[in-house]
Amino acid sequence: MRDLEKYKGIIPAFYACYDEEGEVSPERIQMLATHYLEVGVKGLYVGGSSGECIYQTVNERKIVLENVMKAVGGKMTIIAHIAAPSTRDSLELAKHAENLGVDALAAIPPIYFVLPEDAIENYWTSMVEATDLDFIIYNIPQTTGYALSVTLLNKMLAHEQVIGVKNSSMPVLDINTFKLESNKELIIFNGPDEQFLGGRSMGADAGIGGTYGVMPQAYLTLDRYIRHSQMREALDLQNDINKIIFKMVSCQGNLYDVMKYILSLDGLKIGQARLPLPRMVETDFAIAKEAHEMIQKLLTKLN
Ligand SMILES: CC(=O)N[C@@H]([C@@H](O)[C@H](O)[C@H](O)CO)[C@@H](O)CC(=O)C(=O)O
């Protein structure tokens, strides 16, 4: 039985850290990873959606993971998202991640071409068999067009390395169904931050999220409330978090660009989102500053 405890907590999805020219920045990667280590989150999810992995080359993705590991390797749990459009590149990234000593691999299903489920199974199985690492399926139908079936989940769980699902689909019933219908004990990470409480209430054991990165302390507190069955306090805090998320997504610019700007207001400069992700427009800056103030007020209230 694999050790699932090391995943049970708040795991921010790590952002792409670029310099002012838009190149991957080793220094900024190490700075940001160290920041989250100091905050005290459970681990980092590196190279996922919030990491803009789809817009990075294989070599860039290697540099990102190398510098995260340089800064915090062995000091927190590291999950490396290694799926790339081709199986070949995914396997290269999987082996690279294993050599760096990460704790687990994660993978979305194949993207762009709509493939039959057996092709998806083959894609994931190749990655599972490429290393001895824990493996986490990433279910995010709203961006990949494929919704994980219980049938395929159980086929994948038959591999000893497959430990669970990062579930970013919106129905929390998916979390409950995977928990009830799976043929072995598994870990499920709640993906949609707006319903962290809902997902945890319906069976998720932990969370991986894109907005954790701008307010990790809020999610650490929310998770603690849930673990101590303080559900009224948990709902009040989820509501406060959601008001901040709603404020951030009201910007015209992409959420990742907005969150990078918010981090920069605290001196954590990691550049801008990579095109074609839409950049913030002039009217967004005041909105993002409002969101930053809401975060500051929330963290003061929680302290
Ligand atoms: C589609 C997407 O990026 N969803 C995020 C959420 O954390 C999302 O940013 C948040 O709920 C705000 O909508 C995560 O589920 C996925 C994620 O953070 C990642 O893979 O980097």
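## Exercises on cysteines, pockets and one annotated residue

A search of the whole structure, which is a predicted model, finds zero disulfides. Let's work through this and a few other features together.

**Exercise 1.** Find out which cysteine sulfur is nearest to that of C17, and how far away it is.

*Solution.*
- Step 1: Recall that a disulfide is a covalent bond between the sulfur atoms of two cysteines.
- Step 2: Look around C17. The nearest cysteine sulfur belongs to C53 and is 14 Å away.
- Step 3: Compare with the cut-off. A disulfide needs two cysteine sulfur atoms within 2.5 Å, and C17 is in no disulfide.
- Step 4: Check the surroundings. C17 has a relative accessible area of 2%, and buried means under 20%, so C17 is buried.

**Exercise 2.** Do the same for C251: state its nearest cysteine sulfur and decide whether C251 is buried or exposed.

*Solution.*
- Step 1: For C251, the nearest cysteine sulfur is that of C17, 20 Å away.
- Step 2: C251, too, is in no disulfide.
- Step 3: The relative accessibility of C251 is 7%, so this cysteine counts as buried.

**Exercise 3.** Describe the largest pocket: its volume, its lining and the character of its residues.

*Solution.*
- Step 1: Start with the volume, which is about 810 Å³.
- Step 2: Turn to the lining of 35 residues; S49, Y138, I140, T143 and Y256 lie nearest the centre of this pocket.
- Step 3: Locate the elements. Two or more lining residues come from each of α5 (141-144), β8 (206-209) and α11 (255-264).
- Step 4: Sort the lining by type: 18 residues are nonpolar, 13 polar and four charged.

**Exercise 4.** Now describe the second largest pocket in the same way.

*Solution.*
- Step 1: The volume of the second largest pocket is about 320 Å³.
- Step 2: Its lining has 19 residues, with E20, D257, I270, G271 and Q272 nearest the centre.
- Step 3: Helix α11 gives the largest share of this lining, four residues.
- Step 4: By type, the lining of the second largest pocket holds nine charged, six nonpolar and four polar residues.

**Exercise 5.** Place I208 in the structure and list what it touches.

*Solution.*
- Step 1: Check the record. An unreviewed UniProt entry annotates I208 as "binding site".
- Step 2: Find the element: I208 lies in strand β8.
- Step 3: Judge its exposure. With a relative accessible area of 1%, I208 is buried.
- Step 4: Leave out residues up to four places away in sequence; I208 then touches I11, A13, Y45, I79, K166, F189, N190, G191 and D193.

Terms used. Residues are numbered from 1 along each chain as its sequence is written. This is a predicted model: local features need pLDDT of at least 70, side-chain atom pairs count only at pLDDT 80 or more; totals for chains, interfaces and linings use all residues. Side-chain values use heavy atoms; hydrogens and water are left out. On a 1 Å grid over the protein atoms alone, a cavity is a set of points where a 1.4 Å probe fits but cannot get out, and a pocket is an open set with protein on both sides within 12 Å along at least five of seven lines; lining residues have an atom within 4 Å of a point. Grid points are joined across faces, edges and corners, and a volume is the space filled by probe spheres set on the points. Ala, Val, Leu, Ile, Met, Phe, Trp, Tyr, Cys and Pro count as nonpolar, Asp, Glu, Lys and Arg as charged, and the others, Gly among them, as polar. Buried means under 20% relative accessible area, exposed over 50%, partly exposed in between (1.4 Å probe, protein chains only). UniProt positions are given in the numbering used here, feature names are shortened, and annotations may be inferred rather than shown by experiment. Contact means heavy atoms within 4.5 Å.
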